[in-house]
Amino acid sequence: MRVTVIGTGYVGTVTGACLAYLGHHVTCVDVDAEKIARLQRGEMPIYEPHLTELLVEAAARGGIAFTTELGPAAAASDVIFIAVGTPPGPGGEADLSYLESAARSIGAAMDGGRFRVVVNKSTVPVGSGNLVETLLREGIRDTRPADEKWIQFGVASNPEFLREGCALGDSLYPDRIVLGAEDERTLATLRELYNPLTAQRFDAPSFLPRPAGISRVPLVATTLTSAEMIKYAANTFLATKIGFANEIANICERVGADAKEVMAGIGLDSRIGSRFLNPGLGWGGSCFGKDIQSLLHTAGEYGYQARLLEASLAVNRAQRQIVIQKLQEKLFILKGRTIALLGLAFKPDTDDLRDAPSLQIAKRLLQLGARVKAYDPIAMPVCRAQNSELKIQYCESAFDAVRHADAAVLVTEWDEFRSLDLAHLASRMQQPILVDGRNLYDPEVAMRAGLDYSGIGRSIRQRVAPARVP
Ligand SMILES: NC(=O)c1ccc[n+]([C@@H]2O[C@H](COP(=O)([O-])OP(=O)(O)OC[C@H]3O[C@@H](n4cnc5c(N)ncnc54)[C@H](O)[C@@H]3O)[C@@H](O)[C@H]2O)c1
């Protein structure tokens with residue numbers, strides 16, 4: 001099928017690459033001419049593992065092109081995905097201006113030549129499907145008022161669940177595909193589009209083998225409104241689950257329990273599940289905070305106070321301050337101290353810094369008069385470009401960052417930090433204080449390496465052998 005994807009961010013580029021890999025002919029469109037020029041040169045505007053390789057294979061299979069010209073691409077397509085940003089507005093509501101502009105432009109490009117499905121992949125509040133339909137009609141009326149009755153199209157919601165850092169695996173082998181639409185023709189078009197994926201009828205890329213046990217992907221067909229709600233419900237649940245783990249960890253720390261042991265103990269309960277139960281310094285990224293705020297805003301429009309969601313935001317906000325408190329407990333005064341941040345990206349394997357805990361921690365430390373050094377394997381250029389006001393000293397390696405530091409904070413659990421020589425790390429520091437914001441290290445191992453270690457919700461008591469009865 002011929003497909004247009006509007007927006008070449010994390011979602012649009014990955015969606016376009018995967019659909020072309022499955023054999024569809026894809027055109028990716030963006031208003032950002034520089035981004036498009038880079039993609040045309042084969043350079044990635046974002047960091048996502050294996051994306052470059054997948055795009056090469058996608059070009060050879062279905063074919064993939066990049067352009068700033070939406071009109072011709074949309075006119076020649078059976079399916080048009082909208083994957084533009086929906087950042088939070090001043091009151092927490094989703095800013096739909098990019099979506100609106102894209103929908104109007106699609107409408108202006110449509111003619112009676114074929115049936116088209118316009119699919120919303122951006123995360124948008126309930127009711128946005130109706131808005132898109134209205135904007136498409138307005139776009140048609142503005143350019144081809146006489147043809148309106150001949151132009152046939154359907155509107156669908158196809159929320160995206162990929163995780164940055166493993167976006168390609170999540171897209172080729174998803175847990176499910178959710179399609180919301182109000183008519184059978186629209187649904188049938190999208191079922192056909194996704195058939196290679198739902199039936200797993202494609203050769204797995206050599207760099208992303210098909211996980212064992214995946215032979216079909218469930219497709220959940222719903223109304224437009226339910227599909228829009230599914231995305232918000234999924235993200236708010238996951239954010240709340242992490243917040244719950246953090247809340248329990250904070251209590252564990254006070255009573256002398258070990259949160260890692262507690263989470264392992266509850267995670268084995270099949271009703272709970274072990275994933276997203278890792279205590280740490282809070283979630284970040286472009287989605288959780290924005291989506292909770294947007295759902296709270298929607299609930300408010302209907303006069304409903306979603307207390308659990310409010311608490312979820314508050315717990316996460318407080319969790320980011322815990323690092324500062326821990327540093328103050330150890331060092332008392334932060335003014336003039338040097339603090340090393342290990343990791344800046346909001347999670348490993350991405351260069352995304354949107355709502356990253358590292359930024360809030362760095363800002364607070366600088367406000368308190370500390371010097372901040374940082375090392376991140378991938379996200380430093382983006383951090384430097386986007387946050388020039390933050391006086392962070394960027395370093396070549398973790399060892400370089402901790403040199404002469406009074407304390408180090410493990411902010412992002414990049415793989416390369418797992419195998420750090422902790423004794424060497426400790427030896428380079430002014431004071432070997434480590435706040436492990438992701439519970440990456442075994443407290444006993446870290447302490448044996450000479451570090452003054454604290455994690456999140458970790459009990460650092462040595463296990464004592466039971467006393468022998470004579
Ligand atoms: N990033 C994620 O992990 C993720 C996961 C699931 C869902 N989502 C949702 O998907 C959507 C996109 O997220 P993202 O992270 O890819 O955003 P992004 O900010 O990385 O990319 C959005 C792109 O859209 C482009 N754009 C804006 N208006 C345009 C227009 N009128 N025409 C063409 N291009 C336009 C921008 O230039 C930008 O390149 C959001 O609604 C987000 O909530 C994101």
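This passage goes through the overall build of the chain, the ligand site and the enclosed empty space.

The model is predicted, so to speak on paper only: local features need pLDDT of at least 70, side-chain atom pairs count only at pLDDT 80 or more, and totals for chains, interfaces and linings use all residues. Residues are numbered from 1 along each chain as its sequence is written, and side-chain values use heavy atoms, with hydrogens and water left out.

To start with the overall build, the chain has 18 helices and 14 strands (DSSP runs numbered from the N terminus, H or I of at least four residues for helices and E of at least two for strands). Its C-alpha atoms fill a box of roughly 90 × 45 × 45 Å along the principal axes. The radius of gyration is 24 Å, which agrees with the value near 23 Å for a compact globule of 470 residues (taken over C-alpha atoms, the globule rule being 2.2 Å times the number of residues to the power 0.38).

Next comes the ligand. Around the ligand sit 28 residues, and Asp 30, Lys 35, Thr 86, Glu 164 and Lys 290 come nearest (a residue is near if one of its heavy atoms lies within 4 Å). This shell splits into 11 nonpolar, 9 polar and 8 charged residues (Ala, Val, Leu, Ile, Met, Phe, Trp, Tyr, Cys and Pro count as nonpolar, Asp, Glu, Lys and Arg as charged, and the others, Gly among them, as polar). Helix 1 (10-21) and helix 5 (97-109) each give the shell at least two residues, and helix 5 has the largest share, with 3.

Some polar contacts (pairs of N or O atoms within 3.5 Å) can be picked out here. In the side chain of Lys 290, an N or O atom is 2.6 Å from an oxygen atom of the ligand. Val 11 has a backbone N or O atom 2.9 Å from a ligand oxygen, while for Val 31 a backbone N or O atom lies 3.4 Å from a ligand nitrogen. Of the 830 Å² that the ligand exposes when taken alone, the protein buries 90% (accessible areas by the Shrake-Rupley method with a 1.4 Å probe).

That leaves the empty space. The count comes to 1 cavity of 30 Å³ or more (on a 1 Å grid over the protein atoms alone, a set of points where a 1.4 Å probe fits but cannot get out, with lining residues having an atom within 4 Å of a point). The largest cavity has a volume of about 30 Å³, and its lining includes Ser 122, Pro 159 and Lys 231.

Technical notes
1 Å grid on protein atoms, 1.4 Å probe; cavity = no way out; pocket = protein on both sides within 12 Å on 5 of 7 lines; lining within 4 Å. Points joined across faces, edges and corners; volume = space filled by probe spheres on them. Polar contact = N/O pair within 3.5 Å; in protein donor to acceptor, adjacent residues only side chain to side chain.
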